[in-house]
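My notebook is open, and I am going to look at the cysteines and then at a small sheet. Come along as I jot things down.

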Amino acid sequence: MRILVTGAAGYIGSALARFLAARNLQVVATDQSAPAAVIGNIAYPQFARSLITPEVGAVFHLASLVSGGAEQNFELGTKVNLDATRDLLEACRLAGHCPKFVFASSIAVYSGAEVVTDETPPRPRLSYGAQKLIGEILIDDYTRRGFVDGRSLRLPTVMVRPGAANTGVSGWASAIIREPLAGRDYVCPVRPETRMVCISLGRVVESFFLAYELPGEELGSQRTVLLNGVPVSAQQMRDAAGGTGKVRFEPDPAMQKIMDGVPQATASKRAVALGFRHSANIEEIVDEYKKDHPDPALARNG
């Protein structure tokens, strides 16, 4: 059996592909660029549908145009985040062998709630969140009909992202740790008390693998799981980072408005009951990053 990973050249996708390969699982990694083994643009239906072959028994669908990018370019966001998801699901349906389908969703499906729980209704305020929510609904329906064995994870902010920032509106949360550690100054676009829910890369990769391994009957008909994260302020992130670089807070009104409307904490009893582990605190997240990047000066910001 082969396991398809989309977005495999990305921050989470590359870590997941390595994790699976280390367990002697046969991984088919696809993205727009190397080091993916199968290179192509998932926004093109013909390419997306070509990825599901009879040998593919599981799909980890991580490819996306994240929050800020999807908001700035509605058409591209729709193609990548919604149309490509449906194309993959359709390819699974037509293949006829009901592969597992593990989907990277986001807490961007929520808005306006300080603490979100399993009972909090999703009300996305960004196109990215709306596209992810539609993907979740499609996966539930395709699962109900026996076309896939789906599972979706609503991810908190995953950090600390090395290298160049992506188009996510939460990119500052990684930069406020990464840059001072590398001895570089950073201007943070939000207020020090601004909070967000965070989880480490290692915990997210573990969560994807657990989602893959869980028997479908344990998930039931509702295949979406809200992952727990640790609520952290921008000032707490800065304090945990250390480093010699200086941080200056200069809130950008547009960015601050977005961040004021995102969830500030998660409390999912379902995730705990199913065995999903969250990061203990921001110090644990920073320590994981330091272990993986012993020379932080090399984690360049593009």
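I began with Cys-92, which counts as buried because its relative accessibility is 0% (buried is under 20% relative accessible area, exposed over 50%, partly exposed in between, with a 1.4 Å probe and protein chains only). I then looked for a bonding partner: the closest cysteine sulfur belongs to Cys-98 and lies 8.7 Å from that of Cys-92, too far for a bond. A disulfide here is a pair of cysteine sulfur atoms within 2.5 Å, and I found 0 disulfides in the structure. Cys-188 is in no disulfide either, with the sulfur of Cys-198 as its nearest at 12 Å. Cys-188 is also buried, at 0% relative accessibility.

A note to self on the source: this is a predicted model, where local features need pLDDT of at least 70 and side-chain atom pairs count only at pLDDT 80 or more, while totals for chains, interfaces and linings use all residues. Residues are numbered from 1 along each chain as its sequence is written, and side-chain values use heavy atoms, leaving out hydrogens and water.

Next I turned to the sheet. I found an open sheet of 3 strands, ordered 8-10-12, with mixed pairing. Its edge strands, each pairing on one side only, are strand 8 (157-159) and strand 12 (230-233). My terms: strands (E, at least two residues) and helices (H or I, at least four) are DSSP runs numbered from the N terminus, and two strands pair if DSSP finds at least two bridges between them.

I checked strand 8 against strand 10 (residues 195-200): they run parallel, joined by 3 bridges. Val-158 has Ile-199 of strand 10 as its bridge partner.
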